[in-house]
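Got the structure open on your screen? Let's take a walk through it together, one piece at a time.

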Amino acid sequence: MSIIILFLAGLSGTLAQHAPNTADNKQAIVHLFEWRWADIAAECETFLGPYGFGGVQVSPPNENRVRTSPNRPWWERYQPISYHLNTRSGNDEDFKDMVHRCNQQGVRIYVDVVINHMCGDGGSGNGTGGSHFNTESLDFPGVPFGPNDFNNCSTCGTSDCEVHNYGDHNQVRNCRLVGLLDLKLSSDYVRGKIADYLNYLISIGVAGFRVDAAKHMWPGDLSAIFGRLSDLNTAYFPSGSRPFIAMEVIDLGGEAISASEYTHLGRITEFKYGMQLGHIFRKQYGQKLVYLDSFGEGWGMLSDNNALVFVDNHDNQRGHGGGGKSILTFRDSRLYKMANAFMLAFPYGFVRMMSSYYWDQWWEGGKDKNDWIGPPADRSGNTMGVSINNKGNCRNGWVNHVVF
């Protein structure tokens, strides 16, 4: 992967969990979506460290449900079975090795954590680490979680426990998001199990977390969990350093839940950023490059020290998460490079770039029917290693999305 990194102005006035804990106050990280831990460790040593990247956001490392029809999708990583570190990216020892090797290069690790829910309802089986689960009886002995650890239809307020009205705060936060079993985060026991998981990751040496589906959790519950987190590992960070928190809150306006409800807890994934950049570089809605001089807060976005910014992410490059076809991705080669260059150079927010893999799109009814496809894999479903040629380009189906 060949990327020219531009260093941005330092943050000022950041709060404890807003600070990314990068070495030398570096201001850009990359999301290596679905990469194996061994490949990330090697990338830290051969490219990310030498070329000045501040860190890597990694895919969820905890044991997940295995989905095999027709093939294993990317979203199975967002269906937890336990908090054991065992996925198709590697096991506990692989993860520890990656964190140590990356930290040795001054490259921090930020973990995508899924704490709103366990896997989707329906059926039973074993997760990627062998832990048994039964969704009918709400039994997850790998944690362990049982029936009393989940919100029910009475708590949710709908007959099927599903979210039907995004204008209803209670439904959004207490009901099942697309069938995913919603954890009772008001429970002290549940909070403790989640905090134990995050603290284990901290003890290994991670710098912080990207919190999936944060808008589906009450701010008070998240505050209670974050309040139990340990300081960062002093083998890699100064004494008293607090874990970085970046929460996924999709707020394009018009919904009952706003990003501002969460800014006291950490940074927010600013989805308006990539959408508006797409409008500008695609010359949509009368937008022009000259208007970029006030980009960011002047466009109704979050304040600088509250924003995590990106051109695209693993959701909206697939048509999810807002922005629609305005979102620039690796398929828009020239415009994508321009937008990423602007993001790296313009002093607003903490920057996250994107790198994952290629898939064939299949459009039908205005949707990409192949938006589920998982990472490059062999016939047994094992994720293939990232291969890089002598020009610095990824092979084996992997895509280094930004090549300057």
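Let's start with strand β1, residues 28-32, which is mostly covered: 5 of its 5 residues are buried. Turn the strand around and you'll find both faces covered. Ala28, Val30 and Leu32 are buried on one side, and Ile29 and His31 are buried on the other. Keep in mind as you look that this is a predicted model.

What does β1 pair with? One partner is strand β15, residues 350-357, joined to β1 in the parallel sense over 5 bridges. Here leucine 32 stands opposite serine 355. Another partner is strand β2, residues 55-58, which also pairs with β1 in the parallel sense, over 3 bridges. In that pairing, isoleucine 29 stands opposite glycine 55. To get from β1 to β2, the chain passes through helix α1, residues 37-48, and this β-α-β crossover is right-handed. If you're wondering what holds such neighbours side by side, strands of a sheet pair through backbone hydrogen bonds, either parallel or antiparallel.

For the antiparallel version, move on to an open sheet of 3 strands in the order β3-β4-β5. Its edge strands are β3 (62-64) and β5 (90-91), each pairing on one side only. Strand β4 covers residues 80-87, and 2 bridges join it to β3. You can pick out a bridge by eye: asparagine 64 has proline 80 in β4 as its bridge partner.

Now zoom out. The protein has 8 helices and 20 strands. Its radius of gyration is 20 Å, close to the 22 Å that the globule rule gives for 404 residues, so the protein is as compact as a globular protein of that length. Along its principal axes, the C-alpha trace spans about 55 × 50 × 45 Å. Buried residues make up 59% of the 404 residues. And of the contacts with a separation of 6 or more, 69% are between residues 24 or more positions apart.

Next up: charges. Side chains of opposite charge can pair when their charged atoms come close. How many salt bridges does a search of the whole structure find? It turns up 19. Let's visit a few of them.

Begin in helix α2, residues 92-104. Arginine 101 forms a salt bridge with aspartate 97, with the closest N and O atoms 2.9 Å apart. The two residues are 4 apart in the helix, which means that about one helical turn separates them. Both ends of the pair are partly exposed: arginine 101 has 23% relative accessibility, and aspartate 97 has 36%.

Other pairs reach across the sequence. Glutamate 261 forms a salt bridge with arginine 173, and their closest N and O atoms are 3.0 Å apart. Glutamate 261 lies in the loop between β12 and β13, while arginine 173 is in helix α4, so the pair ties together parts that are 88 residues apart in sequence. Is each end buried or partly exposed? Glutamate 261 is partly exposed at 25% relative accessibility, but arginine 173 is buried at 4%.

Then there's aspartate 332, which forms a salt bridge with arginine 282, the closest N and O atoms being 2.9 Å apart. Aspartate 332 sits in the loop between β14 and α8, and arginine 282 in the loop between α7 and β14, so this pair ties together parts 50 residues apart in sequence. Arginine 282 is partly exposed, with a relative accessible area of 26%. Salt bridges can also link up by sharing partners: Glu34, Arg72, Glu76, Arg77 and Arg88 are joined into one network that way.

Now for a charged residue with no such partner. Aspartate 371, in the loop between β17 (367-368) and β18 (387-388), is buried yet has no salt bridge. Its nearest side chain of opposite charge belongs to lysine 367, 5.2 Å away. Leaving out residues up to four places away in sequence, aspartate 371 touches Trp74, Arg318, His320 and Trp359.

Let's finish at methionine 275, in helix α7. Methionine 275 has a relative accessible area of 15%, so it counts as buried. Which residues is it in contact with, leaving aside neighbours within four places in sequence? They are Leu252, Gly323, Ser326 and Ile327. Also try finding valine 311: it is 36 residues from methionine 275 in sequence, but 7.7 Å away in space, C-alpha to C-alpha.

How values were computed. Residues numbered from 1 in each chain as written. Predicted model: local features only at pLDDT ≥ 70, side-chain atom pairs only at ≥ 80, totals over all residues. Heavy atoms only, no water. Pairing = 2+ DSSP bridges. Buried < 20%, exposed > 50% of the residue type's maximum accessible area, 1.4 Å probe, protein only. Lys, Arg positive; Asp, Glu negative; His and termini not counted. Salt bridge = Lys/Arg side-chain N within 4 Å of Asp/Glu carboxyl O. Contact = heavy atoms within 4.5 Å. Right-handed = clockwise from strand over helix to strand, strands pointing away. Rg over C-alpha atoms; globule rule 2.2 N^0.38 Å.
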